[in-house]
Amino acid sequence: MDLNEGCQMDPGEAISRATERFLSEAAPLTPTEWTTRPAPGDWSASEIAEHVAIANVGIRSRLDRLTSIVGATPDVIDEEIPFLFYRGDEPPDVAAPSGAWVDRDKALDRLRASAAAVTNREGGRGEDLRDLGARHPVFGLLDGVQWLLFVAAHTERHRAQLIGLRRTLAT
């Protein structure tokens, strides 16, 4: 039995919703808040946004290089994807921000464009993304649909980080 059979999540819509929620959380930040690191080693809002956009670009590129996984079973089921980040393991030094995205409006436009590029790719080629896949360095084999759901979950994970940052800055 295919554990993903009947999954009702629309990946493109999930990416769009997650991105808009992230943007809504970031939009009220002042220029000073945008670039403030709450503690040494923590990321600023600008670095969080840059990281998400870099990851989106990387995943968009990965989607172009998916290979056939017919006969293979992904290592996770769709419903697990939002919870993968609770495990706390992320690839080291992947999509590390440069700290150069200091203009909030330009940064958020770039983030929006990176998400749109993934969403546009999702609907673009007519292939069955369940039959294509690639390995994630921590989470294992993901099929093409799961990579799209991962983009939404990753954006939401960092939206939560942004919420925490805003709370810290407000105290």
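Let us begin with one pair of residues in the sheet: Ala134 has Leu142, in strand β3, as its bridge partner. I should say at once that we are looking at a predicted model. Next to that pair is a second one, in which Gly133 is bridged to Asp143 of β3. Altogether, four bridges hold β2, residues 132-136, to β3, residues 140-143, and the two strands run antiparallel. Three residues lie between them, and the two strands form a hairpin.

Gly133 also has a partner in another strand. It is the bridge partner of Thr67. This brings in strand β1, which is joined to β2 by two bridges, again in an antiparallel arrangement. We can now state the whole sheet: it is open, has three strands in the order β1-β2-β3, and is paired in antiparallel fashion. Its edge strands are β1, residues 67-68, and β3, each of which pairs on one side only. As for β2, how many of its five residues are buried? The count is four, and the strand is therefore described as mostly covered.

Let me now place the sheet in the fold. The protein has five helices and three strands, and along the sequence they follow the pattern α-α-α-β-α-β-β-α. Of its 171 residues, 43% are buried. If we take the contacts between residues at least 6 apart in sequence, 81% of them join residues that are at least 24 apart.

Which helix lies across β2 and β3? That is α5, residues 144-170, and it runs at about 95° to β3. A good residue to follow here is Trp147. Leaving out residues up to four places away in sequence, Trp147 touches Ala134, Arg135, His136 and Leu142, and also Ile59, Arg62, Leu63 and Leu66. Please note that Ala134 and Leu142 are the bridged pair with which I opened.

Trp147 also leads us to the interior. The largest nonpolar core has 25 residues, and those touching the most other members are Ile15, Leu63, Leu66, Ile81, Trp147 and Phe150. Two or more residues come from each of α1 (11-26), α3, α4 (104-122), β2 and α5. The greatest share is that of α5, which gives eight residues. There is another core apart from this one, with 16 residues, including Trp34, Ala49, Val52 and Leu108.

I turn now to the packing of two helices, α3 and α5. Their axes come within 10 Å of each other and cross at roughly 175°. An angle over 145 degrees counts as roughly antiparallel, and so α3 and α5 are described in that way. On the α3 side, the residues in contact include Ala45, Ile48, Ala55, Ile59 and Leu63; on the α5 side, they include Gly144, Trp147, Phe150, Val151 and Leu165. Sorted by class, this contact has 12 nonpolar, seven polar and one charged residues.

Two of the residues in this contact deserve a closer look, namely Asn56 of α3 and His154 of α5.

Is Asn56 buried or exposed? Asn56 is found in α3, residues 45-64, and its relative accessibility is 1%. Buried means under 20%, so Asn56 counts as buried. Setting aside neighbours within four places in sequence, Asn56 is in contact with Leu111, Ser114, Ala115, Val118, Val151 and Thr155. Val151 and Thr155 are among the α5 residues in the helix contact just described.

His154, for its part, is located in helix α5. With a relative accessible area of 5%, His154 is buried as well. Which residues does His154 contact, leaving aside its neighbours within four places in sequence? They are His51, Val52, Ala55 and Phe85. Of these, His51, Val52 and Ala55 appear on the α3 side of the helix contact, and Val52 is also one of the residues of the 16-residue core.

To close, I return to helix α5. This helix lies across β2 and β3, gives the most residues to the largest nonpolar core, and is roughly antiparallel to α3.

Terms used
Residues numbered from 1 in each chain as written. Predicted model: local features only at pLDDT ≥ 70, side-chain atom pairs only at ≥ 80, totals over all residues. Heavy atoms only, no water. Pairing = 2+ DSSP bridges. Contact = heavy atoms within 4.5 Å. Axes fitted to C-alpha atoms, helices over the stretch in contact; angles between N-to-C directions. Buried < 20%, exposed > 50% of the residue type's maximum accessible area, 1.4 Å probe, protein only. Core = buried A, V, L, I, M, F, W, Y, C linked by side-chain atoms within 4.5 Å. Parallel < 35°, antiparallel > 145°, perpendicular 65-115°, else oblique. Nonpolar A, V, L, I, M, F, W, Y, C, P; charged D, E, K, R; others polar.
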